[in-house]
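Open the model in your viewer and keep the selection tool at hand. Each stop below says what to select and what to look for.

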Amino acid sequence: MSIRTYAEINARLRKGNAVVVTAEEVVSMVREQGLTETARQVDVVTTGTFAPMCSSGVYLNFGHSAPRVKGHRITLNDVPAYGGLAAVDTYLGATAVPEDDPLNSTHPGEFRYGGGHVIHDLVAGKPVKLRVIGYGTDCYPRREIETYVTLDDLNEVVLFNPRNAYQNYNVAVNLGDSTLYTYMGVLKPRLGNAHYSTSGQLSPLLKDPYFRTIGIGTRIFLGGGIGYVVWNGTQHFPSVREGPVKGSVFAAGGTLTVLGDLKQMSPQWLVGASFLGYGATLVVGIGVPIPILDEEVLRYTALSDAELYAPVMDYNKAYPQRLSETLGLVSYAELKSGTIKINGQNVPTASMSSYSKAREIAGILKEWLLGGEFLLSEPAQLLPSPHAGLVGKPLEIKGPKEC
Amino acid sequence: MTPKKVVLRFPAEVSDKPLIYYLVKDYNLMVNILKANINPHKQGTMIMELSGDKFDAGIAFLESRGVNVQPLSEEIVRNEDRCISCGACTAICPSGALFVERPAMTVRFDGGKCVVCQLCTRACPIRAMEVKF
């Protein structure tokens, strides 16, 4: 049963009498005073996450030179950007690396500078070297440009991330006998450590696992500024089932496509990263507000780290070989304690996602809402829920006659 | 006396000699080996903490045997502005110098426990850990 609408919440936000709490604060509120009373009081719950998100990038328009050039090969600080759009439009992906990067030729490679770092430098207002090679046409005669640009010089710079805010993620371990260098960090052999990458009870999509409130047009905190959910993310295959303990939840597979104007974002919340032996990427800050439309929505926002579970996956064999076997589920409370038990062995844990920064994001979003400057937007369409039954298709290697 | 961190560089011809044994037996020094890379017939290095009344005599002994002794001047510093408190370094750090403070879940760095192995400088995705000479 609905207890409040978006319009009612926004009216209260404008008046300054709405009640907004973070996804961490709501856990203890519900524990102390129950669902019904908390649902009566709370209008919005804010979430947050600050973690490496590889499927990120910016599209930008760098303006026309005289004479004009049609960008065929484009680099920003020597990092290649896409040359397959209109003359002076391009897309720079977070994981792109310079053509002369040694990559993994001496394993593990360092990947010290890539697309994520360029985005960080752009948003920090630093000059970035733009190099454009054209092949020369009657309308775009110029063949080459090298110049320096800053964020202000560019016409539009839009952060457009096809897959962010993964609802849940593997806890990565190494069952093999030698060190692994992965996007989940350095994994020591024989269960030497376990790395996870979700903000648990603060994580946006773990707090709305049935996508009751998040959809196309949802206004969010993105990279320190305002952004929007514009579609479901790629590989959005959400599912929810009960975890090992009664009332607990194992939700996984939901993702977001997000977009926002880079010019109002901050280098504090978009940080270039280098994963040893893996590559470059971008650490993205995202916070999603969840309107408490009814008790059911509140119930999921109030799940604690002890009630949220993640699967343990071996990155020596199971993950790279795409085997579906896992080593069981562990709760975020166990992960955050610093040690989990796998196959009877105590394994130290560490996170690739910053919980303290996620908490900061949820807090900033809460302040924005309470300040009346950030209103909720009702989605034009909700994202597919687990009931839609979306499942991932594997890629099979075959010839044209086998299709 | 508080332990001093020193770097020992062994020439190839003494790398198979039990010199540390004499530091303990003859000079009554307390040794704590933090890092060692010693192989027979090759130059070797060792980083250790040493303490005891006969510290200076012990060092003089090592030098008389051809060992180059220098105070540990390399140190690891954390760029506090860059660190995002993820935790990628914490399970990698062998000495517990990098750890998560709970329940705040912020990453702390205790330079006193650091053995300058430099693993964190490459494991940190943000490159917030730096070597200072």
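The tour goes from the boundary between two chains to a single strand, and then to the second chain. Bear in mind throughout that the model is predicted.

**Stop 1: where the chains meet**

Colour chain A and chain B separately. At their boundary, 24 residues of chain A are in contact with 17 residues of chain B. Now select β3 (49-52), β13 (185-187), β21 (270-275), β27 (345-351) and α6 (355-370) of chain A; each of these elements gives two or more residues to the side that touches chain B. By residue type, that side of chain A divides into 12 nonpolar, nine polar and three charged residues.

**Stop 2: strand β22 of chain A**

Select residues 279-287 of chain A, which form strand β22. Is this strand enclosed or open? Nine of its nine residues are buried, so the strand is largely enclosed by the rest of the structure.

Show the side chains. In a regular strand, side chains alternate between the two faces of the sheet. In β22(A), Gly279(A), Thr281(A), Val283(A), Gly285(A) and Gly287(A) point one way. Ala280(A), Leu282(A), Val284(A) and Ile286(A) point the other way, and both sets are buried.

**Stop 3: the partners of β22**

Keep β22(A) selected and add the strands joined to it, one by one.

- Add β21(A): this strand pairs with β22(A) in the antiparallel sense over six bridges. Ser274(A) has Ala280(A) as its bridge partner in β22(A).
- Add β3(A): four bridges join this strand to β22(A), and the two run antiparallel. Here Pro52(A) is the bridge partner of Val283(A).
- Add β16(A), residues 219-222: two bridges join this strand to β22(A), again antiparallel. Phe221(A) is the bridge partner of Gly287(A).

Two of these partners, β3(A) and β21(A), were also on the list at the first stop.

Next, zoom in on the link between β21(A) and β22(A). The two strands form a hairpin, with three residues between them. Select Gly277(A) in the turn; its phi is positive, about 75°.

**Stop 4: chain B**

Hide chain A and look at chain B on its own. How many helices and strands does chain B have? There are three helices and eight strands. Follow the chain from the N terminus and the elements run β-α-β-β-α-β-β-β-β-α-β.

Turn chain B along its principal axes: its C-alpha trace spans about 50 × 30 × 20 Å. Of the 133 residues in chain B, 29% are buried. Finally, consider the contacts in chain B between residues at least 6 apart in sequence: 65% of them join residues at least 24 apart.

Conventions
Residues numbered from 1 in each chain as written. Chains lettered and ligands numbered in written order. Predicted model: local features only at pLDDT ≥ 70, side-chain atom pairs only at ≥ 80, totals over all residues. Contact = placed C-beta atoms within 7 Å. Nonpolar A, V, L, I, M, F, W, Y, C, P; charged D, E, K, R; others polar. Buried ≥ 20, exposed ≤ 12 C-beta atoms within 10 Å, placed from the backbone. Pairing = 2+ DSSP bridges.
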